[in-house]
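Open your viewer and keep the selection box handy. We will go from one selection to the next, with a short note on what to look for each time.

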Amino acid sequence: MGFFAKIREGLKKTRDALFGRIDSLLKSFTKIDDELFEELEELLVMGDVGMYTAEKICDELKKRVKEQGITDPKEIRHLLEDVVTEMLKGGQELDVSTKPSVILVIGVNGVGKTTTIGKLSAKFVRDGKKVILAAADTFRAAAIDQLEIWAERSGADIIKQNEGSDPAAVVFDAISAAKARGADIIIADTAGRLHNKKNLMAELAKINRIIDRELPGSAKEVLLVLDATTGQNAVNQTKEFKNAAGITGIVLTKLDGTAKGGVVLAIKEELDVPVKFIGIGEQVDDLQPFDPEEFAKALFMDDESFEELENETEAQTDNSEEDNRPATADIWDKIDAEAEAERQAELDGKSEEEIQREKQEALEKAKIEAEKEKQEQKKRAEERKEKAKSKYNWNTSQSETNTSDNDDDDWLKQWRNGEE
Ligand SMILES: Nc1nc2c(ncn2[C@@H]2O[C@H](COP(=O)(O)OP(=O)(O)OP(=O)(O)O)[C@@H](O)[C@H]2O)c(=O)[nH]1
Ligand SMILES: [Mg+2]
């Protein structure tokens, strides 16, 4: 499935519930009048867009309808898409511009913090970054184990301490390790906490202070993870966390399981906090950078136009799809296979223990296979190196120093450039 199709599929429930109804509404009116806008506003409020934002959208629509002299209600859909895109735009880039950069991940219980970290880590490692995960959720031993599995899966290092230790101390250790190892990105997991628990919020402030003290001038993101299924409650959570921890962005998870995706608009418009990533499923590549234009398009495009677009892109990408993924990509595929095995086991009614055991086995197998593939890739690179050496007469000392995978990649790049 293509990238856009995936987002569209992930937003299906929101689209059906909210924008499906809007479409019917627009089709049922023959002219644009106040009643139409009243009903539209109601639908937006019902779709978790929030009262304030719904009103603002309708005011903007009225203005544009007047300015552009629009009379056909059906045309409002495109206007709506534009207004929503513009509303959502701004600030969605993630700042990881310094070495190291820090991403602190916070939020209430069970919203998807640890999973998001695993997915982010996999993305960064895939981009060739050295990632260190900090297990600063020290509440439960299981939380540390869970992060450890993600570190292993994604190819990141992990810094941890015992259950019950000071989360700020874990973050401190992770920063020291990042400096010593030349890591690019530190991602810190934290325990789920209710936004109205004062001492737990104070703990976040302490972690923040440690980061600012140890890495002054470094890029820092404080990402609040919100579960989209909670709808308007997500807005309240954002308010509280914003005051306590100075968040820089939102990760909105579980959009695939809810009709309340309209909450994205409320968060951006009411609280001026940008959404930076959206989660549209449990698979590793179901975390997507938030693209307002794409998001709005996925919500408003009708099925017919979508099919046309799909056919077009299919024709364009035929035969041209080249697999440029680095060596970690094979692990990536295995992660998907593993998740599939887990789902199947659940369907077969297996016990938690059996599922865990099977998962562990799948992971072991994946590791062995990934290692095998890595060795083979190395061998192939060596062979190419030998070939090119004779072709371009490269001096041998240069190639002899190329031992690591990265060097191999650099070398390959040079070789390819040389050949062009
Ligand atoms: N459908 C769906 N499920 C998700 C998504 N993101 C996370 N989940 C699931 O949500 C559940 C909780 O995820 P965790 O990552 O453990 O949540 P957490 O915030 O770390 O939880 P605590 O550490 O207990 O506070 C898991 O079953 C995830 O697979 C998403 O985008 N879509
Ligand atoms: Mg967690």
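Helices here are DSSP runs of H or I with at least four residues, strands are runs of E with at least two, and both are numbered from the N terminus. With that in hand, select Asp272, which sits in the loop between α11 (263–271) and β7 (275–279). Keep in mind throughout that this is a predicted model. Asp272 has a positive phi, near 55 degrees, although the residue is not a glycine. Is Asp272 buried or exposed? Asp272 counts as exposed, with 10 C-beta neighbours inside 10 Å.

Now jump to Asp48, in the loop between α3 (34–46) and α4 (51–68). Phi of Asp48 is positive too, near 65 degrees, again in a residue other than glycine. The surroundings read otherwise: Asp48 is buried, with 27 other C-beta atoms within 10 Å.

**The whole chain**

Zoom out and colour by secondary structure. The protein holds 17 helices and eight strands. Of its 420 residues, 35% count as buried. Among contacts with a separation of 6 or more, 77% join residues 24 or more positions apart.

**The sheet**

Next, show the strands alone. In which order do the eight strands form the open sheet? Reading across, the order is β3-β2-β4-β1-β5-β6-β7-β8, with mixed pairing. The edges are β3 (157–159) and β8 (287–289), each of which pairs on one side only. On average, neighbouring strands of this sheet are turned by 25 degrees against each other, direction ignored.

Start at the β3 edge and select β2 (residues 131–136) with β3. The two run parallel and are joined by three bridges. To see one of the pairings, pick Ala134, whose bridge partner in β3 is Ile159.

Bring back two helices. Helix α8 (residues 167–181) packs on the sheet and touches β2, β3 and β4 (185–190). Its direction makes about 165 degrees with that of β2. Helix α9 (residues 198–214) also packs on the sheet, touching β1 (101–106), β2, β4 and β5 (220–227). The direction of α9 makes about 180 degrees with that of β1.

**The nonpolar core**

Select Ile132, Leu133, Ala134, Ala174, Ile186, Ile187 and Ala188. Within the largest nonpolar core, which has 93 residues, these touch the most other members. Strand β2 supplies the largest share of this core, six residues.

Centre on Leu133 and look at its partners beyond four places in sequence. Leu133 is in contact with Ile117, Ser121, Leu147, Ala151, Ala156, Ile158, Ile187 and Asp189.

**Strand β6**

Move along the sheet to β6 (residues 249–253). Why is this strand largely enclosed by the rest of the structure? It is enclosed because five of its five residues are buried. In a regular strand the side chains alternate between the two faces of the sheet. In β6, Gly249, Val251 and Thr253 point one way, while Ile250 and Leu252 point the other way, and all are buried.

Add β5 to the selection: five bridges join β5 to β6, and the two run parallel. Leu224 makes a good landmark, with Ile250 as its bridge partner in β6.

**A cis peptide bond and a loop**

Now select Lys99 and Pro100. A cis peptide bond joins them, with omega about 0 degrees. Pro100 lies in the loop between α5 (76–88) and β1.

From Pro100, draw a distance to Leu215. The C-alpha atoms are 8.4 Å apart in space, although the residues are 115 apart in sequence. Leu215 sits in the loop between α9 and β5. Is Leu215 buried, partly exposed or exposed? Leu215 is partly exposed, with 18 other C-beta atoms within 10 Å; the cut-off for buried is 20 or more. Apart from neighbours within four places in sequence, Leu215 is in contact with Val102 and Ile175.

**Ligand 1**

Finish at ligand 1. How many residues surround it? There are 20, and the closest are Gly112, Thr114, Thr115, Gly192 and Gly279. Helix α6 (residues 113–126) gives the most to this shell, with three residues. Colour the shell by class and you should find three nonpolar, 11 polar and six charged residues.

Technical notes. Residues are numbered from 1 along each chain as its sequence is written. Chains are lettered from A and ligands numbered from 1 in the order in which they are written. This is a predicted model: local features need pLDDT of at least 70, side-chain atom pairs count only at pLDDT 80 or more; totals for chains, interfaces and linings use all residues. A residue is buried if 20 or more other C-beta atoms lie within 10 Å of its own, exposed if 12 or fewer, and partly exposed in between; C-beta atoms are placed from the backbone. Two residues are in contact if their C-beta atoms, placed from the backbone, lie within 7 Å. Two strands pair if DSSP finds at least two bridges between them. Axes are lines fitted to C-alpha atoms, for helices over the stretch in contact, and angles run from 0 to 180 degrees between N-to-C directions. A residue is near a molecule or strand if its C-beta atom, placed from the backbone, lies within 6 Å of it. Ala, Val, Leu, Ile, Met, Phe, Trp, Tyr, Cys and Pro count as nonpolar, Asp, Glu, Lys and Arg as charged, and the others, Gly among them, as polar. A nonpolar core is a set of buried Ala, Val, Leu, Ile, Met, Phe, Trp, Tyr and Cys residues joined through C-beta atoms within 7 Å.
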